[in-house]
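Student: I have a protein model open and I'd like to learn how to read it. Can you walk me through some features?

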Amino acid sequence: MTSDTSDPFYNHLLAEYHHPFSGWDFSYLTGRRIDLHQQHHWDYAQRVTTAMKEAQSILDMCTGGGEYLAQYLAMQPVPEVYATEGYVPNLSVARERLAPLGVKIYEVQNDQLPLADASLDLIINRHGSYKAREVQRVLKPGKYFITQQVGDQTNRRLHELLGYTPPQEHRVHPDADDRAVWNLAYAVRELEADGWQIREQQEAFYPTRYYDVGAIVYYLKAVPWTVPGFTVERFFDQLVEIRKLIEREGFVDVLFHQFLIVAQR
């Protein structure tokens with residue numbers, strides 16, 4: 001089967017692909033894409049806002065559209081706040097949301113931080129890449145780095161269903177020596193090798209359930225590094241097969257892999 005511009009399903013998927021997306025807001029998929037963890041092993045927001053009580057200066061790495069940082073600051077203000085973002089479509093959204101809160105926002109590439117050595121009390125990072133030594137450089141001695149990461153098992157079933165194989169040179173994390181590995185054990189070893197003290201470490205695996213193909217298309221458009229070059233036309237045959245799977249089963253489950261580290265310099 002090939003794409004047909006007169007096919008209602010093809011045109012439906014195109015509409016999903018082109019539906020507006022900004023920042024890191026997936027509310028459009030409410031009820032169509034749900035996480036099935038019965039009870040999360042940790043509360044990242046609680047860890048962060050508790051640590052913010054003791055901080056005078058913080059950095060939110062890879063802030064996205066600033067949605068989460070704005071929520072944290074509403075719960076626990078901090079005098080000096082910085083944020084970085086490297087994904088260009090998010091920058092204007094983040095600036096619009098965070099600048100009125102007094103947040104200084106930097107566009108960064110390659111996880112280099114435009115801040116002075118030992119200048120921050122707290123660095124937080126939700127689902128963003130980082131360089132362990134660069135984080136260590138800008139954090140004051142004895143202070144904390146809190147990160148929640150997306151592990152290497154995430155979305156592998158989507159890759160299988162779409163017939164997509166990540167290229168051999170693709171690295172899950174920019175500092176990974178084993179290009180296929182990014183998990184709690186690897187990240188902890190990396191931090192400990194640089195002298196960090198690990199104060200908390202947890203890992204979780206749970207399914208993300210999709211109830212329709214349009215939700216998958218929207219997600220892949222919003223997170224383009226999951227399947228680089230994804231378009232409805234290019235993957236239409238595979239999307240039709242996923243529709244058949246959902247018609248039989250009622251949904252399709254895709255494993256999501258996360259881990260949390262609280263590290264002290």
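Student: Let's start with one residue: is Gln264 buried or exposed?
Tutor: Keep in mind that this is a predicted model. To judge burial, look at the relative accessible area, where under 20% counts as buried. Gln264 has a value of 15%, so Gln264 is buried.

Student: Where does Gln264 sit, and which residues does Gln264 touch?
Tutor: Find strand β8, because that's the place of Gln264. Leaving out residues up to four places away in sequence, Gln264 touches Gly142, Lys143, Tyr144, Trp196, Gln197 and Arg199. Gly142 is worth a second look: the side chain of Gln264 reaches the backbone oxygen of Gly142 at 2.9 Å.

Student: How far apart are Gln264 and Glu85, in sequence and in space?
Tutor: They are 179 residues apart in sequence, and their C-alpha atoms are 23 Å apart in space.

Student: What about His257, buried or exposed?
Tutor: His257 is found in strand β8 too. With a relative accessible area of 1%, His257 is buried. Its side chain makes a polar contact with the side chain of Glu203, at 2.7 Å. Setting aside residues up to four places away in sequence, the residues that His257 touches include Gln149, Asp152, Trp182, Asn183 and Phe205.

Student: Now one in a loop: is Pro79 buried or exposed?
Tutor: Use the other cut-off here: over 50% counts as exposed. Pro79 has a relative accessible area of 64%, so Pro79 is exposed. You'll find Pro79 in the loop between α3 and β3. Beyond residues up to four places away in sequence, Pro79 touches Ala55 and Gln56. Compare Gly66: 13 residues along the chain from Pro79, with 17 Å between the two C-alpha atoms.

Student: Which residues of α3 are buried?
Tutor: Here's an idea that helps with helices. An α-helix has 3.6 residues a turn, so residues three or four places apart point the same way. In α3, the buried residues are Glu67, Leu69, Ala70, Tyr72 and Leu73. The elements covering them include α2, β2, β3, α4 and β5.

Student: How do I describe two helices that pack together?
Tutor: Two packed helices are described by the angle between their axes and the distance between the axes. Try α1 (residues 8-18) with α8 (residues 213-222): the axes come within 8 Å and cross at roughly 40°. That angle makes α1 oblique to α8. The crossing is right-handed.

Student: Which residues make that contact between α1 and α8?
Tutor: From α1 come Phe9, His12, Leu13, Glu16, Tyr17 and His18, while α8 supplies Val213, Gly214, Val217, Tyr218 and Lys221. By type, the contact of α1 with α8 has six nonpolar, three polar and two charged residues.

Student: At what angle do α1 and α9 cross?
Tutor: Roughly 100°, with the axes of α1 and α9 (residues 236-249) coming within 11 Å. That makes α1 roughly perpendicular to α9. Phe9, Tyr10 and Leu13 in α1 meet Phe236, Leu239, Val240 and Arg243 in α9. The contact of α1 with α9 divides into six nonpolar residues, no polar ones and one charged.

How values were computed: Residues numbered from 1 in each chain as written. Predicted model: local features only at pLDDT ≥ 70, side-chain atom pairs only at ≥ 80, totals over all residues. Heavy atoms only, no water. Axes fitted to C-alpha atoms, helices over the stretch in contact; angles between N-to-C directions. Helix = DSSP H or I, 4+ residues; strand = E, 2+ residues; numbered from the N terminus. Parallel < 35°, antiparallel > 145°, perpendicular 65-115°, else oblique. Left-handed = near helix turned anticlockwise from the far one by under 90°. Contact = heavy atoms within 4.5 Å. Nonpolar A, V, L, I, M, F, W, Y, C, P; charged D, E, K, R; others polar. Buried < 20%, exposed > 50% of the residue type's maximum accessible area, 1.4 Å probe, protein only. Polar contact = N/O pair within 3.5 Å; in protein donor to acceptor, adjacent residues only side chain to side chain.
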